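Student: Before we start, I would like to go through the terms used for this protein one at a time. Please set each value against its definition.

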Amino acid sequence: MSGRSWEAQVGPLVAAGHRVVTYDRRGFGESSQPWGGYDYDTFTADLHALLEHLDLRDVALVGFSMGGGEVVRHLATHGTERVSRAVLAAAVPPYLYESADNPDGGLDDATIEQFQQGVTSDRPAFLDGFTEDFFTPGGSSLLKGPAVSEQQRQYALRIAESASPKGTLDCITAFGRTDFRGDVARVTVPTLVVHGDSDAIVPLEVSGRRSHELIPGSELVVIEGGPHGINTSHPEQFNEALIRFLAR
């Protein structure tokens with residue numbers, strides 16, 4: 001949730017002729033760490049304030065994981081005046097929570113509570129395990145090992161450790177329980193959906209493929225062997241798909 005997450009994309013995008021603006025979500029990176037506001041309506045308001053402050057237009061909003069929720073909520077709330085296209089990368093829409101009206105969701109109450117307990121009882125230990133799952137195809141339980149160097153995983157862990165503990169906790173509820181189906185249904189701009197087929201945190205079949213099916217004319221790129229953190233683990237494939245999409 002820090003702009004540093006895009007380190008592998010910024011250089012290639014600039015080299016391809018694009019202006020790149022990254023930002024740190026509230027509570028993360030170098031942004032302030034308020035006690036509240038870790039919900040998607042506030043995240044979307046923050047994003048819109050940034051677009052207005054910099055007077056950005058003809059924008060391609062690229063949202064990774066939780067950020068995909070901000071992309072679709074922004075389009076549903078503020079329309080397309082400033083945004084010309086969208087990218088959902090390993091993103092949580094349309095609805096991650098497994099419920100009676102969403103039986104194909106991928107996150108149940110027990111798992112959400114396990115995450116919350118991990119953050120409140122021993123956040124560094126939880127984040128250590130989470131980054132293993134984040135970068136390991138199929139999840140760390142398969143004993144394959146992360147698809148990035150240990151130094152890269154430790155770098156991600158340090159970034160996560162510096163975040164607001166309250167923000168980290170509240171974001172579990174935000175990404176786990178927010179229903180974006182109505183937002184996704186209102187996406188009309190050209191959209192790229194890119195997802196790893198071995199994502200153990202936000203599974204392809206639960207999120208990426210369903211978003212692709214719900215957004216008319218969207219393009220789906222599946223990265224073989226890609227874990228959740230595909231923009232870091234598979235930067236060549238990810239950047240190629242992104243730059244090709246932006247060149248259209």
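Tutor: Start with the overall dimensions. This is a predicted model, and for its 248 residues a compact globule would have a radius of gyration near 18 Å, whereas the protein has 17 Å.

Student: What makes the protein agree with a compact globule?

Tutor: The rule is 2.2 Å times the number of residues to the power 0.38. For 248 residues that comes near 18 Å, and the value of 17 Å agrees with it, so the protein fits the rule for a compact globule. Along its principal axes the C-alpha trace spans about 45 × 35 × 35 Å.

Student: How many helices and strands does the protein have, and what pattern do they follow?

Tutor: The secondary structure comes to 10 helices and 4 strands. Along the sequence the pattern reads α-α-β-α-β-α-α-α-α-β-α-β-α-α.

Student: Why is helix H3 called largely enclosed?

Tutor: A residue is buried if its relative accessible area is under 20%. In H3, 11 of the 13 residues are buried, so the rest of the structure largely encloses this helix. Among them are Met 66, Glu 70, Arg 73 and His 74. In the protein, buried residues make up 48% of the 248 residues.

Student: What covers the buried residues of H3?

Tutor: The cover includes helices H2 (40-53), H6 (165-177) and H7 (181-184), together with strands S1 (59-64) and S2 (83-89). Contact here means heavy atoms within 4.5 Å.

Student: How do you know that the length of H3 agrees with its number of residues?

Tutor: The expected span is 1.5 Å times one less than the number of residues. For the 13 residues of H3 (residues 66-78) this gives 18 Å, and the end C-alpha atoms are 19 Å apart, which agrees. After H3 comes Gly 79, with a positive phi near 75°.

Student: Why are strands S3 and S4 called paired?

Tutor: Two strands pair if there are at least two bridges between them. S3 (residues 191-196) and S4 run parallel and are joined by 5 bridges, so the definition is met. Leu 192 stands opposite Glu 219 in S4. Between the two strands the chain passes through helix H8 (residues 208-214), and this β-α-β crossover is right-handed.

Student: Which residues of S4 lie on its covered face, and which on its uncovered one?

Tutor: In S4 (residues 219-223), Glu 219, Val 221 and Ile 223 form the covered face, while Leu 220 and Val 222 form the uncovered one. In a regular strand, side chains alternate between the two faces of the sheet.

Definitions and conventions:
Residues numbered from 1 in each chain as written. Predicted model: local features only at pLDDT ≥ 70, side-chain atom pairs only at ≥ 80, totals over all residues. Heavy atoms only, no water. Buried < 20%, exposed > 50% of the residue type's maximum accessible area, 1.4 Å probe, protein only. Right-handed = clockwise from strand over helix to strand, strands pointing away.
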